[in-house]
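This report looks at aromatic rings and how they sit beside one another. The structure comes first, and the text follows.

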Amino acid sequence: MGDNGEFLLKAENLNMFFEIGAASLFSKEKRLLKAVNDVSFSIGRGETFGLVGESGCGKTTVGRTIAKLYRATGGRIIFDGSDITKMTDKEFFPYRRRIQMIFQDPYTSLDPRQPVSEIIGTPLSVHGLVSNRAERDERIKELIHMVGLKEDHINRYPHEFSGGQRQRIGIARALALMPEFIVCDEPISALDVSIQAQIINILSEFQERFKLTYLFISHDLSMVRHISHRVGVMYLGNLVETAEVNELFGNMIHPYTQSLMSSVLIADPAAAKRQSRIILEGDVPSPLNPPSGCHFRTRCRCASDICSCVTPELTDVGSGHMVACHNAD
């Protein structure tokens with residue numbers, strides 16, 4: 001939880017379903033893809049909540065739904081005590097400056113037809129945070145310097161920058177409106193390893209400096225462990241385990257979390273030899289037709305009869321450590 005013990009954001013039984021085309025030319029029935037299914041978690045003020053899982057597990061959809069780039073199918077999103085779930089665009093406008101997003105791909109998240117001055121400056125003008133051109137230019141320069149770029153970058157276009165520089169521009173754009181909450185959607189996954197640490201350091205510095213709250217989405221467990229206060233693990237649209245970061249990495253209970261952690265590379269050769277790799281059997285099931293009961297049971301080494309017919313609920317096993325597993329011990 002954040003420093004003052006208050007939750008800034010709560011997701012309650014959040015659902016995000018997508019209606020897609022029929023399975024064949026001979027069927028007119030639409031199918032429902034349950035990208036996010038009954039997900040609940042809270043994020044305290046000043047806290048980083050890490051969300052991890054394999055590609056396609058629904059973690060990015062969670063972030064986009066919370067940022068209201070998608071309209072939730074069901075459940076509630078509570079931000080600073082207000083239910084923003086069903087707000088119209090006009091009603092949500094005052095919250096837009098308080099909730100921002102850093103996108104995964106720095107190559108597609110910036111408009112190639114706009115110079116940096118417009119990419120960063122437009123939000124300032126739209127939300128009325130500057131009263132004239134001189135004030136706007138001064139704010140743009142301040143933001144550019146904050147993320148480690150130079151003034152002569154302001155009039156350049158996105159194609160003139162490296163991936164790391166583009167992501168810095170994306171961070172500057174997110175910070176322009178002085179938000180309280182930022183969804184970081186795999187902000188380092190498209191970058192070279194040498195650049196990843198720089199971006200993480202920028203995010204950590206700004207969190208401390210501006211008391212920011214992050215939802216940090218990633219498949220990189222090592223990075224999530226480094227930056228997060230609490231962590232949630234997703235599998236096929238469902239949250240299967242969540243805990244304080246040290247508790248989770250020191251006491252992984254769900255078989256899926258254990259398998260994810262066993263795949264992390266260890267720099268110490270001796271420790272790496274002692275590590276037991278857990279290989280998951282089979283492929284990830286389709287979210288269009290997930291297994292009955294526990295969605296993970298078809299790949300789980302601990303599955304029992306109850307797993308095929310009863311969906312496990314997140315249960316507190318102590319110290320706020322929540323696990324959705326019938327065989328948790």
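In this predicted model, phenylalanine 206 has a relative accessibility of 1%, so phenylalanine 206 counts as buried, the cut-off being under 20%. Phenylalanine 210 has a relative accessible area of 36% and is partly exposed. Both residues belong to helix α6 (residues 193–210), where they are four residues apart, about one turn of the helix.

A pair of aromatic rings is described by the distance of the centres and the angle of the planes. By the rule used for pairing, the model holds nine aromatic pairs. In one of them, the ring centres of phenylalanine 206 and phenylalanine 210 are 5.8 Å apart and the planes meet at 45°, so this pair is tilted, since angles under 30 degrees count as stacked and over 60 as edge-to-face.

Another pair is formed by tyrosine 256 and phenylalanine 296, and this one is edge-to-face. Tyrosine 256 is part of helix α9 (residues 255–262), while phenylalanine 296 is in the loop between α10 (269–274) and β11 (315–316), so the pair ties together parts that are 40 residues apart in sequence. Both tyrosine 256 and phenylalanine 296 are buried.

The two pairs are set out below.

| Pair | Centre to centre | Angle between planes | Class |
|---|---|---|---|
| Phenylalanine 206 and phenylalanine 210 | 5.8 Å | 45° | tilted |
| Tyrosine 256 and phenylalanine 296 | 5.4 Å | 65° | edge-to-face |

Elsewhere, Phe79, Phe92, Tyr95 and Phe181 are linked into a cluster by ring pairs. Phenylalanine 92 also has a charged neighbour: lysine 68 lies over the face of its ring, at 5.5 Å from the ring centre.

Methods:
Residues are numbered from 1 along each chain as its sequence is written. This is a predicted model: local features need pLDDT of at least 70, side-chain atom pairs count only at pLDDT 80 or more; totals for chains, interfaces and linings use all residues. Side-chain values use heavy atoms; hydrogens and water are left out. Rings of Phe, Tyr and Trp (its six-membered ring) pair if their centres lie within 6.5 Å; planes under 30 degrees apart count as stacked, over 60 as edge-to-face and the rest as tilted. Helices (H or I, at least four residues) and strands (E, at least two) are DSSP runs, numbered from the N terminus. Buried means under 20% relative accessible area, exposed over 50%, partly exposed in between (1.4 Å probe, protein chains only). A charge sits over a ring if NZ of Lys or CZ of Arg is within 6 Å of the ring centre and within 35 degrees of the ring normal.
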